[in-house]
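Reader: Please pick one part of this model that deserves a close look, and then place it in the setting of the whole chain. I would like one connected account, with the cut-offs behind each term given as you go.

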Amino acid sequence: MKYLVILVGMLCTQIALAADVKVEHAWMRATAPGQEVAGAFMDITSAADARLVGVSTPAAGTAQLHTMSMNGGVMEMREMKEIALPGHKTVKLSPGGLHIMLFDLKQAMKPGDVIPVTLDIATSPRHHEKVEVKVEVRDLGGH
Ligand SMILES: [Cu+2]
């Protein structure tokens, strides 16, 4: 079923030249001293079927797309090659689910900081759009 959805999405995006992607509520938690890995979260809505295929930021050495799920009572995280963005549907990257994982953070993330993150979104097999997102660092008192 998942493959069918992806295939249909690819057919549809042939005619969509601009994805018109909206990103809202982009945030991450403030980091603890010495913490070099953190998740980033946001709501992504694309006007047309598209795929999030990459992410980068000057604030981290590496950024990956991740998914999290329960497996035999244990939370498991794994890297995704891409995240489908069905047209007119808001895809939520959130704690415990899909997320962006930042590795090798260059500096401590303090509440109020704003981290620039670039999303690489494929709107068709040949067309990519770079979407600049400002990720707000929040203190949720979790440390
Ligand atoms: Cu992760």
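Author:
**A close look at one backbone angle**

His25 is partly exposed, with 14 other C-beta atoms within 10 Å; in this scheme, with C-beta atoms placed from the backbone, 20 or more such neighbours within 10 Å make a residue buried, 12 or fewer make it exposed, and anything in between is partly exposed. The model is a predicted one, in which local features need pLDDT of at least 70 and side-chain atom pairs count only at pLDDT 80 or more, while totals for chains, interfaces and linings use all residues. Residues are numbered from 1 along each chain as its sequence is written.

What draws attention to His25 is its phi, which lies near 55° and is therefore positive in a residue other than glycine. Most residues other than glycine have a negative phi. His25 is found in strand S1, where strands (E, at least two residues) and helices (H or I, at least four residues) are DSSP runs numbered from the N terminus. A second histidine, His88, also has a positive phi, of about 65°, although it is not a glycine. His88, however, lies in the loop between S6 and strand S7 (90–93), and with 10 C-beta neighbours inside 10 Å it counts as exposed.

The strand that holds His25 belongs to a chain with one helix and 10 strands, and the order along the sequence is α-β-β-β-β-β-β-β-β-β-β. Strand S3 (residues 50–56) has antiparallel partners in strand S6 (residues 83–85), over three bridges, and in strand S9 (residues 114–122), over five bridges; strands count as paired when DSSP finds at least two bridges between them. Ala50 has Leu85 as its bridge partner in S6, whereas Leu52 stands opposite Ile121 in S9.

Leu52 is also among the residues with the most contacts inside the largest nonpolar core, a group of 28 residues in which Met28, Ala40, Ile100, Leu102 and Ile115 are named alongside it. Such a core is a set of buried Ala, Val, Leu, Ile, Met, Phe, Trp, Tyr and Cys residues joined through C-beta atoms within 7 Å. Among the elements that give two or more residues to this core are strand S1 (21–29), S3, S6 and S9. Beyond its neighbours within four places in sequence, Ile100 is in contact with Gly39, Ala40, Val55, Ala63, Leu65 and Leu93, contact being scored when two C-beta atoms, placed from the backbone, lie within 7 Å. Of the contacts between residues at least 6 apart in sequence, 72% join residues at least 24 apart, and 27% of the 143 residues count as buried.

Ala108, in the loop between S8 and S9, is partly exposed, with 14 other C-beta atoms within 10 Å. Leaving aside neighbours within four places in sequence, Ala108 is in contact with Thr31 and Pro33, and its C-alpha lies 7.6 Å from that of Gln35, 73 residues away in sequence.

As for confidence, the chain averages a pLDDT of 88, a score from 0 to 100 given by the predictor to each residue, and 85% of the residues score at least 70. Confidence is highest in S7, at 98, and lowest in helix H1 (residues 2–13), at a mean of 53. Over residues 12–16 the pLDDT is below 50, and beyond near neighbours in sequence this stretch has 12 contacts in the model. Where pLDDT is low, the predicted coordinates should not be read in detail.
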